[in-house]
Structure formats: C-alpha cells, structure tokens
Amino acid sequence: MSASRITLDGRPATADDLARMAMVNYGAYTSFRVEGGAVRGLSLHLERLEHSALELFGESPGPALLHRRIVEAVTGRDQAWVRISLHAPQISHRHVTYRGAPQIMVAVFDPPPALSPATGTGFRLFPLTYERERPHLKHLATFGLIAARREAQARGFDDALFLTREGQISEGTLWNIGFVRGDTVIWPEAPMLDGVTRRLIHQGLAGAGLGATSAAVRLEGLGAFDHAFLCNAATPCAPIAAIGDHAFARDDAVTERIVAAFAHQPPEPLG
C-alpha cells in the first residue's frame with residue numbers, strides 16, 4: 001500500500017517528519033475504512049486515540065481536533081483507508097521526559113482487500129507464546145507481530161495466534177479472535193487489544209440472534225467449540241480452518257450472522 005496523502009498536524013508531512021517517525025517507534029495509532037464519507041465505529045477509534053495519548057504522552061490533542069484532522073486529510077475521498085498516528089518528536093532514545101499533546105499524522109490510502117488465507121477456505125494459525133508490550137494499546141512497536149507472522153508462514157501457516165505465558169489464547173498479529181459454540185460467541189479472556197471491530201460485532205450479536213460471553217481459552221480446550229473466526233477493521237469476519245493441528249468445521253451461515261452483527265452498527269458520518 002502506498003499513501004495518496006500524508007499530513008502532520010494538518011500540513012503535508014515532510015521527509016524529516018517521516019524520518020523522525022521511522023527512527024523512534026514510540027506512539028500509538030488506529031486505522032479504519034471510510035465508506036461513503038462515514039466510518040463504522042468512528043467514536044470508538046477517537047476514544048482509543050484519546051486514551052492512548054493520555055497514557056503515552058500525558059496529554060491528548062482532544063477528540064475534536066483528532067476528528068478535524070481526519071476530515072481535512074480525507075477531503076475529496078468518498079472511499080479510503082485511513083491511519084492516524086500519534087507521535088512526539090521531542091521523545092527519542094536519549095530524551096524521554098517530554099509530556100504534552102502529541103503530533104497527529106494522518107495517512108490516506110486506497111481501501112485494502114480483506115485478509116485472506118493463502119490456500120483453502122479458512123485461516124490456518126500457528127500458536128506461539130508471545131505477549132505484546134502494553135497489549136491494551138494499538139502502539140507503533142510492531143516488530144514482534146511481523147516476526148511472528150514470518151515464523152508462522154515459514155512453517156506453512158497463514159498467520160500466528162498468540163498465547164500468554166500461562167497458555168491462554170489472547171489475540172492474533174493484526175486481529176482479534178472469537179470462538180462459537182452453538183448460538184454463542186466466546187471471546188477469550190487474556191491481555192489483548194480490545195479491537196474496534198470486535199466491539200462492534202459484540203454490540204450487534206443480539207440483533208443477529210447470537211449470545212456472547214468471555215472465558216479463558218486454551219489449546220487443549222479447543223474441542224469445546226464448533227467454529228472460530230478472526231476479525232479486524234479490514235476483515236469483519238473470516239473463518240479459521242485450524243489452530244495448530246486442531247481443525248474447525250466451516251459454517252458460512254455462522255460467518256454471515258457475525259458479519260450481520262458487525263453491519264448492524266451504522267457508519268458514523270465524518271462531516
């Protein structure tokens with residue numbers, strides 16, 4: 001993906017701006033699809049940025065300014081993929097004490113396709129023990145995610161699934177995971193990013209005739225579930241074919257109900 005527009009605090013980003021961000025990966029971001037000038041879960045994305053800014057920098061630009069920077073960046077685009085990053089050039093490897101509102105970088109791309117497995121009709125996941133630093137944050141430190149995906153694909157899988165040190169399933173590299181038993185979706189209980197798409201699905205499950213609960217999920221307990229799926233902003237729901245050597249049945253009707261739960265939350269207009 002190549003960005004069609006990158007702005008920093010409302011002006012075109014310079015090469016020096018991008019170099020500073022490339023050299024210091026301290027910050028947070030969120031990303032989403034713009035559909036017809038609206039964003040599904042926009043208020044949740046702004047809430048994520050607000051909380052991340054307060055935790056990482058001690059001050060937030062505020063939701064109104066964050067919203068305005070997004071609108072400025074996507075002007076003239078009815079459909080787009082947007083990534084908003086928070087970064088402070090005052091913070092470096094040698095200078096870490098800065099407290100204040102971060103800069104707002106907005107990158108606009110053409111919408112990407114949904115995640116898809118390399119072969120077959122469902123994702124095959126390689127489980128490995130890995131916990132992201134401050135897993136509740138969508139932060140810029142992505143080395144571990146990329147390394148995990150590389151290892152999984154080198155072993156013939158599509159992606160990696162993370163386990164805590166205690167062996168609990170938590171999240172994937174770029175997505176949340178859910179399990180289905182009968183008419184109930186079970187979300188794993190473990191330190192993880194509470195993804196916006198996961199939250200939107202959860203809010204819409206009752207309308208799709210599905211219940212929801214959360215529980216600790218371990219590899220040895222996968223036989224208790226009928227199906228599994230992954231979800232993120234680019235992929236509302238994709239079936240999982242296997243985790244390690246445990247296979248799941250595919251049920252397109254279940255996938256359609258989860259997609260319906262996601263779609264039950266209307267897009268919020270940017271304007």
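## A sheet, its helices and two cores

The largest nonpolar core has 25 residues, and those touching the most other members are F32, V34, V82, I84, L86, V106 and L270. Strand 3, helix 2, helix 3 (63-74), strand 5 and strand 6 each give two or more residues to this core. Helix 2 supplies the largest share, six residues. Keep in mind as you explore that this is a predicted model.

**The cores**

- In soluble globular proteins, nonpolar side chains tend to be buried together.
- Setting aside neighbours within four places in sequence, L270 is in contact with V34, G37, A38, V39, L42, H67, I70, V71 and V74.
- There is also a second, separate core of 18 residues, with I169, W175, I186 and L222 among them.

**The sheet**

- Follow the order 2-1-6-5-3-4-16 and you will trace seven strands in an open sheet with antiparallel pairing.
- Strand 2 (11-12) and strand 16 (268-269) each have a single partner strand, so one side of each is left without a neighbour in the sheet.
- Strand 3 (residues 27-35) and strand 5 (residues 79-87) run antiparallel and are joined by nine bridges.
- To find one of these pairings, look for E35, whose bridge partner in strand 5 is Q79.

**The helices**

- Helix 1 (residues 15-23) lies across strands 1, 2, 5 and 6, at about 70 degrees to strand 5.
- Helix 2 (residues 42-57) lies across strands 3, 4, 5 and 16, at about 170 degrees to strand 3.
- In helix 5 (residues 196-204), the buried residues are V196, T197, R198, L200, I201 and G204.
- Their cover includes helix 2, helix 6 (252-263) and strands 10, 11, 13 and 14.

How values were computed: Residues numbered from 1 in each chain as written. Predicted model: local features only at pLDDT ≥ 70, side-chain atom pairs only at ≥ 80, totals over all residues. Heavy atoms only, no water. Pairing = 2+ DSSP bridges. Helix = DSSP H or I, 4+ residues; strand = E, 2+ residues; numbered from the N terminus. Contact = heavy atoms within 4.5 Å. Axes fitted to C-alpha atoms, helices over the stretch in contact; angles between N-to-C directions. Buried < 20%, exposed > 50% of the residue type's maximum accessible area, 1.4 Å probe, protein only. Core = buried A, V, L, I, M, F, W, Y, C linked by side-chain atoms within 4.5 Å.
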